[in-house]
Amino acid sequence: MQIEQHPVQFFTAVCYDWLKLLDTSKAKEIIIEALRYRVSEGHVKVAAFVIMPNHIHLIWRVQNGFELEDVQRDFLKYTAKGLLTLVKNSKGERGLEELFVGLKDRKFQVWKRNSMSIDLIHEWFFKQKLEYLHANPCQPHWRLSEQPESYHFSSARFYQTGLDEFGFLTHHTEI
């Protein structure tokens, strides 16, 4: 009996209060390392990603034996801890003030609650999200890059060259 695969997901996580917590290379590297770990542990296959100053987009598939909610929660929890440490180390305790929420289960909030996760069950919808994700850094309100493949913290160059400089990408045809 074959176990049914999880659907490919378009996942978006937004920083709390739309703060630009991901605007440094060090912050983006926390996301990269978390993705690399999740892939190396066999939790997910990542087909595409982009890390923007205040949010991330991923196209990934949770692997059999793992639950989508658990993988997302653990990914966000790990990256939140890393980002909190980065903020504290670079800005001190005062840097954490804008992240203070004082809830029962957490003192600080890095990610907005209820990240968006959409099943990509149609090829046209998948391609639309892939193009959107890669074009995001080129949008006029961001102006992070002239061409999608020129923006370093994205999988766009992988789709142009076939070279995985991050060590965790799987082409969407093989996910």
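Which residues form one aromatic cluster with Trp60? In this predicted model, Phe11 and Phe75 join Trp60 in that cluster, and the legends below move from the sheet to the core, the aromatic pairs and the charged neighbours of the rings.

**View 1. An open sheet of four strands, paired antiparallel.** The strands follow one another in the order S2-S3-S1-S4, so that, by the rule that strands count as paired if DSSP finds at least two bridges between them, the edge positions can be assigned. These edges are strand S2 (44-51) and strand S4 (116-119), each of which pairs on one side only. On average, neighbouring strands of the sheet are turned by 20° against each other, with direction ignored. Helix H1, made of residues 25-40, packs on the sheet and touches S2 and S3, and its direction makes about 170° with that of S2. Helix H3 (residues 123-135) also packs on the sheet, where it touches S1, S2, S3 and S4, its direction making about 145° with that of S3.

**View 2. Strand S1 between its two partners, S3 and S4.** Six bridges join S1 (residues 9-14) to S3 (residues 55-62), and the two strands run antiparallel. In this pairing Thr12 stands opposite His57, while Ala13 stands opposite Ile56. Four bridges join S1 to S4, again with the strands running antiparallel, and here Gln9 stands opposite Asp119. S1 is mostly covered, since six of its six residues are buried by the criterion of under 20% relative accessible area. Gln9, Phe11 and Ala13 point one way from the strand, whereas Phe10, Thr12 and Val14 point the other way.

**View 3. The largest nonpolar core, with 51 residues.** Ile59, Phe75 and Trp111 are the residues with the most contacts inside this core. The elements that contribute two or more residues to the core are S1, H1, S2, S3, helix H2 (68-91) and H3. In soluble globular proteins, nonpolar side chains tend to be buried together. When residues up to four places away in sequence are not counted, Phe75 touches Phe11, Ile31, Ala34, Leu35, Arg38, Ile56, Leu58 and Trp60.

**View 4. Aromatic pairs, of which a search of the whole structure finds 10.** One of them is formed by Trp60 and Phe75, an edge-to-face pair at 5.7 Å centre to centre with 75° between the planes. This pair links distant parts of the chain, with Trp60 in strand S3 and Phe75 in helix H2, 15 residues apart. Trp60 counts as buried because its relative accessibility is 0%, and Phe75 likewise counts as buried because its relative accessibility is 0%. Phe166 and Phe168 form a further aromatic pair, which is tilted, with 5.9 Å centre to centre and 40° between the planes. Both Phe166 and Phe168 are buried.

**View 5. Lys129 and the rings of Phe10 and Tyr132.** The charged end of Lys129 sits over the ring of Phe10, at 5.0 Å from the centre of that ring. Lys129 also lies over the face of Tyr132, here at 5.8 Å from the ring centre. Phe10 itself is a buried residue of S1, pointing from the strand the way that Thr12 and Val14 do.

Terms used
Residues are numbered from 1 along each chain as its sequence is written. This is a predicted model: local features need pLDDT of at least 70, side-chain atom pairs count only at pLDDT 80 or more; totals for chains, interfaces and linings use all residues. Side-chain values use heavy atoms; hydrogens and water are left out. Axes are lines fitted to C-alpha atoms, for helices over the stretch in contact, and angles run from 0 to 180 degrees between N-to-C directions. Contact means heavy atoms within 4.5 Å. A nonpolar core is a set of buried Ala, Val, Leu, Ile, Met, Phe, Trp, Tyr and Cys residues joined through side-chain atoms within 4.5 Å. Buried means under 20% relative accessible area, exposed over 50%, partly exposed in between (1.4 Å probe, protein chains only). Rings of Phe, Tyr and Trp (its six-membered ring) pair if their centres lie within 6.5 Å; planes under 30 degrees apart count as stacked, over 60 as edge-to-face and the rest as tilted. A charge sits over a ring if NZ of Lys or CZ of Arg is within 6 Å of the ring centre and within 35 degrees of the ring normal.
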